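Here are a few short exercises to work through with the structure open beside you. Try each task before you read its solution.

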Amino acid sequence: MLTGNAAAAWGVRLAEVDVIPAFPVTPQTEIIETLAKWIADGNLDCRFVTMDSEHSMITAAGAASATGARAFTATSSQGLLYGFEMLYNVAGWRVPLVMVNVSRGLSAPITLEPDHNDVLAARDSGFLQIHCETCQEVLDSILMAYRVAEDERVLLPALVNMDGFYLSFTREPVEVPAVETVRQFLPRYQPSHAFFKASQPMAQGVVVFGGAEYSYFKYQMHLASLKALTVYNEVYAEFETVFGRSYDTLDRYLLDDAEYVLVMTNSFATLGKAAVKRAREQGLKAGLVRLRLLRPFPEEDIRAALHGKRAVAVIDQNISIGKGGILYAEIASCLVNMTRKPRLLSFIGGLGGKNISPQEFEFIITKLREAADREEVETLQLLYTEEEWNEMASSKRLAGKQGVT
Amino acid sequence: MALARIKSIKDLPPEENILTGTTACAGCGGLLGLRLCLKALGRKIVIVNAAGCFTLLVIYPYTPFANSWLYTAMACAPAGAQGIRDALDMLLKKGRLDPAEDLKVVVLTGDGTAYDIGLASSSGAIHRNLDFYYICYDNEAYGNTGFQRSGATPFASSTGTTPPGIASPIGANLSKKDLFAIWNSHQPPYLATVSPSHPVDLFNKFKKAEQFKGPKLFLTLAPCPPGWGIDPCRSVKLAKLAVETGVWALKESVYGAVNHTVIPRRFKPVEEYLKEQGRFAHLFKPERQEETLRKIQERVDEYWKGYQLLL
């Protein structure tokens, strides 16, 4: 039995990483503490350095990767944003750093529990993104992330995401593969592209003057990210052969004959699957798509998965203030030119780790059934239960606020 | 290790490790300083460059450097150096890199990074005893953005964000941070100030630093013709005046113990240094700001008296 954090640490240990710059932040800290202990005990031959900030940490990790070492680091929430500038730089260096983000809502107000505004803020940076539902998936995804990132056709850094608390601190059975087996799948990193050595001086991260050169390098990154879709499919097929576990770009749950579909990500998808099962027991053809690979965005796979469905609800565990759900907009953009496209509904839920109750899932499914039969589709729904509302009203009275709005 | 100390400018190695014709401004004192530093460091180095004037030395597809170079961002060049050093160490340890391919890691930043935005990452790298060189080219303001006040800007300097005016005739009313003292409080193996006007002193300090494993830190005075308001042909002269007036103390520190390497026999009046520069012109015209000029001279005198080098 391993927590999500321990599973992440095992993934790093099995990848035989060379360099780990670190900085503590809840709820990620268990990952770096676990690795530090293994290194201190001589179980992992790796340079571990506690840095002075996440900004420095991401810089050091990217620079180590640019020097030809296999590098790892981990962060969460405020830490990811503190180092944000360097995400774009490290991606621009075209180095295969793998970083775990343990999702946590962004302040203010400050909180500890998860939503995905942190990791989704990084979606345009050039980092590949894999989002996980289970502890086993965290371990496995780290191994897959190195394979995809280090592929000469890709050479982009990767983020592996899990939910704080719900996954980071939840113990689940995890199969830890033998290191010899992992070596078959993930051989030592031997870069043949840019890296620093005396006989081969080179400049990295240089200035370009003029939009044509800038655009060229940005387009290169975009095309490499799209190529990562092909590479990902090869890697997941090989992973299945070696380890017997399969991770497609999407996790399709009771989808084949489904008419009503929930779209979710990360650990809350487990709640969604339970809701789908309950709906099935009541005779409704429900299903769920869990987005696993967020960057590159697997548009073809999403179109194929949602083609011909009656109605689809995107449940965003994030909020773009003044717009709505981030993934709703992304899914909508890839369906918009499709024929036989489903009605597409948008819900926000689970912010800051707020539960999504069975009643809320029933509400969503009711809305899906209504939408399938109507011309008009309702706008964004913000999920909140009456009980939560009443508790909030009580808190506001305690805080000295009169009246409830 | 035998230290190859030199006695004359003629003893400097003739090899150039940075090419001419760069995009730096004419008369850039920082570039001259860097050229001398690179003569001492040789070519088996990787420069980790923070955002600043010298970012613009390397413009795709050209580089003037004979060595490797990485641009990080403004705040984090010392962190980049950490990543490269750690990676090189691990690759050497695991037999994946030929020892002949090893590199010295050199951080290169302006004063905006060293004194301000990168102070934390610099402190972190020094505290961790990272084996690296740090060259700060100090032109006493944010030069690359057109000369605004930084933590290195001296009292009474005019800058883009401290313009002298009727309500505030002095210009910058804060004093220059003592970064040497801040860094020295970490007790690094080697720390020195250098000036492009004193190449022998500069070169010998780099050679002396070679014997130490850990942080080897250099603050280089960098006369800046457009920012300081001086003729490009006067950069070296100004750097020399800064030393001769006692404004820029040439010194070194080994594990915290400070020693001055050039002590003017007779200190020239600071005014001789100030009056040459557009950034201090408001202290002389339309009328002399006697009180401010006196304060500046007093502060320089106090510094040297503190070391009993001025009685």
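**Exercise 1. Find the residue just after α9(A) and say what sign its phi takes.**

Solution. Keep in mind that this is a predicted model. Go to the end of helix α9 in chain A, which covers residues 211-243. Just past α9(A) sits A:G244, with a positive phi of about 80 degrees.

**Exercise 2. Work out how the reach of α9(A) compares with what is expected, and where the helix bends.**

Solution. Start with the count: α9 of chain A has 33 residues. At 1.5 Å a residue, the expected span is 48 Å. From first C-alpha to last, the helix reaches 46 Å, close to that value. Now follow its axis: α9(A) bends by about 30 degrees at A:T230.

**Exercise 3. List the buried residues of α9(A) and say what covers them.**

Solution. A residue counts as buried when 20 or more other C-beta atoms lie within 10 Å of its own. In α9(A), that picks out A:A224, A:A228, A:V231, A:Y232, A:V235, A:Y236 and A:F239. Now look at the spacing: an α-helix has 3.6 residues a turn, so residues three or four places apart point the same way. The cover over these buried residues includes β5 (128-131), α7 (135-150), α8 (179-185) and β11 (293-295) of chain A.

**Exercise 4. Decide how compact chain B is.**

Solution. First, take stock: chain B has 10 helices and eight strands. Its radius of gyration is 19 Å, close to the 19 Å from the globule rule for 311 residues, so chain B is as compact as a globular protein of that length. As for burial, 51% of the 311 residues of chain B count as buried.

Conventions. Residues numbered from 1 in each chain as written. Chains lettered and ligands numbered in written order. Predicted model: local features only at pLDDT ≥ 70, side-chain atom pairs only at ≥ 80, totals over all residues. Helix = DSSP H or I, 4+ residues; strand = E, 2+ residues; numbered from the N terminus. Expected span 1.5 Å × (residues − 1). Bend = angle between axes of the 7 residues up to and from the residue. Buried ≥ 20, exposed ≤ 12 C-beta atoms within 10 Å, placed from the backbone. Contact = placed C-beta atoms within 7 Å. Rg over C-alpha atoms; globule rule 2.2 N^0.38 Å.
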